[in-house]
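Student: I should like a close look at the sheet of this model, with its pairing, its salt bridges and the residues packed around it. Please treat the matter as one connected account.

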Amino acid sequence: MPEWKIRTAKGKEYIFDSLEEAVDALPGYGEGATIWRRDVYRTAPFVTKTQNPWRQVEVPGRAETREPRDGEG
């Protein structure tokens, strides 16, 4: 099952149950906040494990904020 988090520009992390919930909350975490996803499975109540690391996801309708590098764009 997927697990979602918002990582702020200062490195704080907040976990959410769904992508929709994370997208709705994203503007409240300031500029530079990003959404990440990983797939987890439950091993016991309140214990999750994963075989894959967190990976950043793009949010539809949100402009990319980083500056283009030389040769890009």
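Tutor: From the N terminus on, the elements of the chain follow the order β-β-α-β-β-β-β, that is, one helix and six strands. The model is a predicted one, and the values below are computed from it.

Four of the strands form an open sheet in the order 2-1-3-6, with antiparallel pairing. Its edges are strand 2 and strand 6, each of which pairs on one side only. From one strand to the next, the twist averages 35°.

The pairing may be followed across the sheet from strand 2. Strand 2 (residues 13–16) is joined to strand 1 by four bridges, and the two run antiparallel. Within this pairing, Ile 6 has Tyr 14 of strand 2 as its bridge partner. The two strands form a hairpin with five residues between them, and Gly 11 in the turn has a positive phi of about 95°. Strand 1 (residues 2–7) pairs in turn with strand 3 (residues 34–39), in the antiparallel sense and over six bridges. Here Trp 4 is matched with Arg 37 of strand 3. Strand 3 also pairs with strand 6 (residues 55–57), again in the antiparallel sense, over three bridges. Two positions illustrate this pairing: Trp 36 stands opposite Gln 56 in strand 6, and Arg 37 has Arg 55 in strand 6 as its bridge partner. Arg 37 is thus a bridge partner of Trp 4 and of Arg 55.

In a regular strand the side chains alternate between the two faces of the sheet. With that in mind, one may turn to the nonpolar and the charged side chains separately.

The largest nonpolar core has eight residues: Trp 4, Ile 6, Phe 16, Ala 22, Leu 26, Ala 33, Ile 35 and Val 59. In soluble globular proteins, nonpolar side chains tend to be buried together. Ala 22 shows how members of this core meet. Leaving aside neighbours within four places in sequence, Ala 22 is in contact with Trp 4, Ile 6, Phe 16 and Ile 35.

Beside the hairpin strands, Thr 8 deserves attention. Thr 8 lies in the loop between strand 1 and strand 2, yet counts as buried because its relative accessible area is 12%, below the 20% limit for that class. Apart from residues up to four places away in sequence, Thr 8 touches Tyr 14, Tyr 29, Gly 32 and Ala 33. Of these contacts, Tyr 14 is also the bridge partner of Ile 6, and Ala 33 belongs to the largest nonpolar core.

The charged side chains add a further set of links. Side chains of opposite charge can pair when their charged atoms come close. The structure holds five salt bridges. One of them joins Arg 38 to Glu 3, with the closest N and O atoms 2.8 Å apart. This pair links distant parts of the chain, with Arg 38 in strand 3 and Glu 3 in strand 1, 35 residues apart. Glu 3 is buried, because its relative accessible area is 15%.

Another salt bridge, between Glu 13 and Arg 7, has its closest N and O atoms 2.9 Å apart. Glu 13, at a relative accessible area of 42%, is partly exposed; Arg 7, at 25%, also counts as partly exposed. Both belong to a network of salt bridges that links Lys 5, Arg 7 and Glu 13. A further salt bridge joins the side chains of Arg 37 and Asp 39, at 2.8 Å from N to O. Arg 37 is partly exposed at 24%, and Asp 39 is partly exposed at 28%.

Strand 5 (residues 47–49) offers one more position to inspect, Val 47. Val 47 counts as partly exposed because its relative accessibility is 34%. Not counting residues up to four places away in sequence, Val 47 touches Tyr 41 and Arg 42.

For the chain as a whole, 19% of the 73 residues count as buried. The accessible surface comes to about 5,800 Å², and 49% of that area belongs to carbon and sulfur atoms. Among contacts between residues at least 6 apart in sequence, 36% join residues at least 24 apart.

Definitions and conventions:
Residues numbered from 1 in each chain as written. Predicted model: local features only at pLDDT ≥ 70, side-chain atom pairs only at ≥ 80, totals over all residues. Heavy atoms only, no water. Buried < 20%, exposed > 50% of the residue type's maximum accessible area, 1.4 Å probe, protein only. Contact = heavy atoms within 4.5 Å. Core = buried A, V, L, I, M, F, W, Y, C linked by side-chain atoms within 4.5 Å. Pairing = 2+ DSSP bridges. Axes fitted to C-alpha atoms, helices over the stretch in contact; angles between N-to-C directions. Areas by Shrake-Rupley, 256 points an atom, 1.4 Å probe, with all protein chains shown as cover. Salt bridge = Lys/Arg side-chain N within 4 Å of Asp/Glu carboxyl O.
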